[in-house]
Amino acid sequence: MPHPLGNPPSKIIAVHLNYPSRAAERGRTPSKPSYFLKPPSSLAGTQEAIVRPRGCELMGFEGEIALVIGSRAQNVRPEDGWKHVRWVTAANDAGVYDLRYADRGSNLRSKGADGFTPLGPRLLDARAVDPEALRLRTWVNGELVQDDTTDTLLFPFGELIADLSRLVTLEPWDVILTGTPAGASVVVPGDMVEVEVSTDGLSTGRLRNPIGTADHDLEPWGAQPRLDRAERESAYGSAYVHEALLDEQLATGLGSVAVATISAQLRKLGLPHMSIDGVHSSTPGTRMVGVAHTLRYLPLREDLFQRHGNGMNAQKRAIEELRPGHVLVMDARRDASSGTLGDILALRALKKGAAGVVTDGGLRDSAAVAELGLPVFHAGAHPSVLGRRHVPWDTGVPIACGGALVQPGDILVGDDDGVVVVPPELAQQLINDCQEQEREERFITEQVAAGEGIDGLYPLGPHWREAYEVWCEKNDNAEGEQP
C-alpha cells in the first residue's frame, strides 16, 4: 500500500535522541535536540518491504511517532507548536549501519534509501489526541520489543516544532520523526516489523513491513558496506554492549569467587558501598552473575497509578526488554511491604534468558518463584501486589537498590551472602585479586585446622609469607602432575 500522506512532504526531519530509555542505552542524554534529514523518496506504506542492500548485514528498525505538519510554522513558540500538527501516525526509521561511516552525521545513504521510512497505516487527527498521552509499541515477528509513552520525552513535540521553526520553515505535509525508545535493534530478511501508535481508544493500526533483501549487488562505485565493533554495538543496542562487557571468561571468573571476597576486594579499591543490603536468595545455594537492567518504582500516588501502573507499565516493559545474561535490578526504596515480582513475570524473565532478578522490595508467590530455578534476591516475601506501595516508573536508568547505586551495564554477582555490584572496568582485576585472596585463605584455613593461632596468620603477615609461598609451589606442582 502507498503511504497515507497523499501529497509528498518537502522534507522529513528525524530527531536523534528523545526518549530517556534510548538515551540510557546510548549512555548519553542531550541537553538540546539534534536532527538529520531523510529524503521524501524514502517514504513507504504498510506491507511494503524494507529491502536490505546486498552486502549489508545490520538492518536496523526504529519504531517512532511521526508528526505531519498541517499549517506553515515559522518562528513559533513552544506552547504553540502543537497547533501546527495536523496528523499523527506510526513510522519506522529504518537504516543500515553498514553505511553509516560513509555519511557520518547526515545518515543519507544509511537511512535515506528508497522505502526506509514507512508510515501509516492510518492518520490520527492531532486535535483529538493529547501529545503527552501517546503510546508507541513495536513488534518483531510478533514479539513486543519496544513499548514507551510520550509523557517523559526529553523534548516535547511543541518544543521540537518551535526549535526547528526558528531557522527552518515547516510546510504542510512535512514529517517529523520524533525519536525511538529503547529496544531498537537488528532484523534480518524474513522478519516482520510492526509499529503502532495509540491513545485513549484511538490507534493508527499496525504498520507492517517485512524485511527483504536486494536481488542485485550494490554497484561498485561509491562507498561499500563496512562494519566495525562500534557500529555493531550501536546496531544491537544495550544488549549487545552489555553482553560484550561480560564475556564468558569474565562470567566464569566472577562466578568462581565468593561474594564476600569480591566485597572485601572492592573495599580495598576504595569502593565500600557496593553491596545491595537487605536481600537474600529465594533459592539458597544458587549463584548469579549477569549485567544490570534497571527498573525504578516510585511511591504510590493514586492519581498517577492509572497512567503509569496499568497496561504495559514500566515493570512489564522491563521484563520484555530483558536479553540473555541480564539481571533485572529493581529500586523499590527498600520497601518490602508489597510485592515487586511474582511467579508469572519471573517465568517470563526466565524465558527471556535473564541471569537473575534483584529487588530491595517484596516478592510474591515466593514458593513458586523458588521452584523456577531463576536466581531471585529479594527483601522478603509479601502477598500484596505492587499497587499497595509502588508505581512502576521507568527503566534503563541509574537506580538505588538496597543502598547501592546501580547503573545499566554494571555487573551483579550474587550468592548466599547477598549481592554486590561490580563496575565492568574492574571485573578482571577483581577476579585476579579475589582468586589470590581465596588462595591465601585456603592456606590459612589449613594452618588453623592444624592448631595454629591466628595472630600474624589471619590476615597473612610477613612471618607466614615464606611458608605460604612454599605451600603455593607445592600445590601448583601437585595440580600440574594431575592427568
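**Exercise 1. Asp-394**

Decide whether Asp-394 is buried or exposed in this predicted model. Then find what surrounds Asp-394.

*Solution.*
Step 1. Take the relative accessibility of Asp-394, which is 18%.
Step 2. Compare that value with the cut-off: buried means under 20%. Asp-394 therefore counts as buried.
Step 3. Place the residue. Asp-394 belongs to strand β23, residues 390–395.
Step 4. List the contacts, leaving aside neighbours within four places in sequence. They are Thr-294, Leu-295, Arg-296 and Ala-314.
Step 5. Look for a polar partner. The side chains of Asp-394 and Arg-296 make a polar contact at 2.8 Å.

**Exercise 2. The partners of strand β19**

Which strands pair with β19, and in which sense?

*Solution.*
Step 1. Locate the strand. β19 covers residues 288–299. It is mostly covered, with 9 of its 12 residues buried.
Step 2. Take β26, residues 411–415. β19 and β26 pair in the antiparallel sense over 4 bridges. Here Met-288 stands opposite Gly-414.
Step 3. Take β20, residues 326–331. Its pairing with β19 is parallel, over 6 bridges. Thr-294 has Val-329 as its bridge partner in β20.
Step 4. Take β23. β19 and β23 run antiparallel and are joined by 5 bridges. In β23, His-390 is the bridge partner of Pro-299.
Step 5. Link this to Exercise 1. Asp-394 lies in β23, and among its contacts is Thr-294.

**Exercise 3. The faces of helix α7**

Where on helix α7 do the buried residues fall?

*Solution.*
Step 1. Name the buried residues of α7 (residues 248–255): Leu-250, Gly-253 and Leu-254.
Step 2. Look down the axis of α7. The buried residues fall within an arc of 95°, so they line one face of the helix.
Step 3. Check the other side of α7. Glu-248 and Thr-252 are exposed there.

**Exercise 4. A sheet of 7 strands**

What is the strand order of the open sheet of 7 strands, and which strands are at its edges?

*Solution.*
Step 1. Read the order: β2-β1-β12-β6-β7-β9-β3. The pairing in this sheet is mixed.
Step 2. Find the edges. β2 (35–38) and β3 (43–44) each pair on one side only, and they are the edge strands.
Step 3. Examine one pairing. β1 (residues 12–15) and β12 (residues 175–177) pair in the parallel sense over 3 bridges. Ile-13 has Ile-176 as its bridge partner in β12.
Step 4. Add a helix. α4 (residues 157–165) lies across β1, β2, β6, β7 and β12. Helix α4 runs at about 55° to β6.

**Exercise 5. Aromatic rings**

How many aromatic pairs does the whole structure hold? Then classify the pair of Trp-82 and Phe-157.

*Solution.*
Step 1. Take the count from a search of the whole structure: 6 aromatic pairs.
Step 2. Use the geometry of Trp-82 and Phe-157. Their ring centres are 5.9 Å apart, and their planes meet at 20°.
Step 3. Apply the cut-off: planes under 30 degrees apart count as stacked. The pair is therefore stacked.
Step 4. Place both residues. Trp-82 sits in the loop between α2 (78–81) and β7, and Phe-157 in helix α4. They are 75 residues apart, so the pair links distant parts of the chain.
Step 5. Check burial. Trp-82 and Phe-157 are both buried.
Step 6. Look for a cluster. Phe-443, Trp-464, Tyr-468 and Trp-471 form one.

**Exercise 6. Uncommon backbone angles**

Which peptide bonds before Pro-121 and Pro-459 are cis or trans? What is the sign of phi at Asp-200 and Asp-365?

*Solution.*
Step 1. Start from the usual case. Most residues other than glycine have a negative phi, and most peptide bonds are trans.
Step 2. Inspect Gly-120 and Pro-121. Their peptide bond is cis, with omega about 0°. Pro-121 is in strand β9, residues 117–125.
Step 3. Inspect Tyr-458 and Pro-459. The bond between them is cis too, with omega near 0°. Pro-459 lies in the loop between α13 (427–449) and α14 (462–481).
Step 4. Turn to Asp-200. Its phi is positive, near 45°. Asp-200 is in the loop between β14 (192–199) and β15 (202–203), and is exposed at 73% relative accessible area.
Step 5. Finish with Asp-365. Its phi is also positive, about 55°. Asp-365 is in the loop between β21 (356–359) and α12 (366–372). With a relative accessible area of 32%, Asp-365 is partly exposed.

Technical notes. Residues numbered from 1 in each chain as written. Predicted model: local features only at pLDDT ≥ 70, side-chain atom pairs only at ≥ 80, totals over all residues. Heavy atoms only, no water. Helix = DSSP H or I, 4+ residues; strand = E, 2+ residues; numbered from the N terminus. Buried < 20%, exposed > 50% of the residue type's maximum accessible area, 1.4 Å probe, protein only. Polar contact = N/O pair within 3.5 Å; in protein donor to acceptor, adjacent residues only side chain to side chain. Contact = heavy atoms within 4.5 Å. Arc of directions from axis to C-beta. Pairing = 2+ DSSP bridges. Axes fitted to C-alpha atoms, helices over the stretch in contact; angles between N-to-C directions. Phe/Tyr/Trp six-rings, centres within 6.5 Å; stacked < 30°, edge-to-face > 60°.
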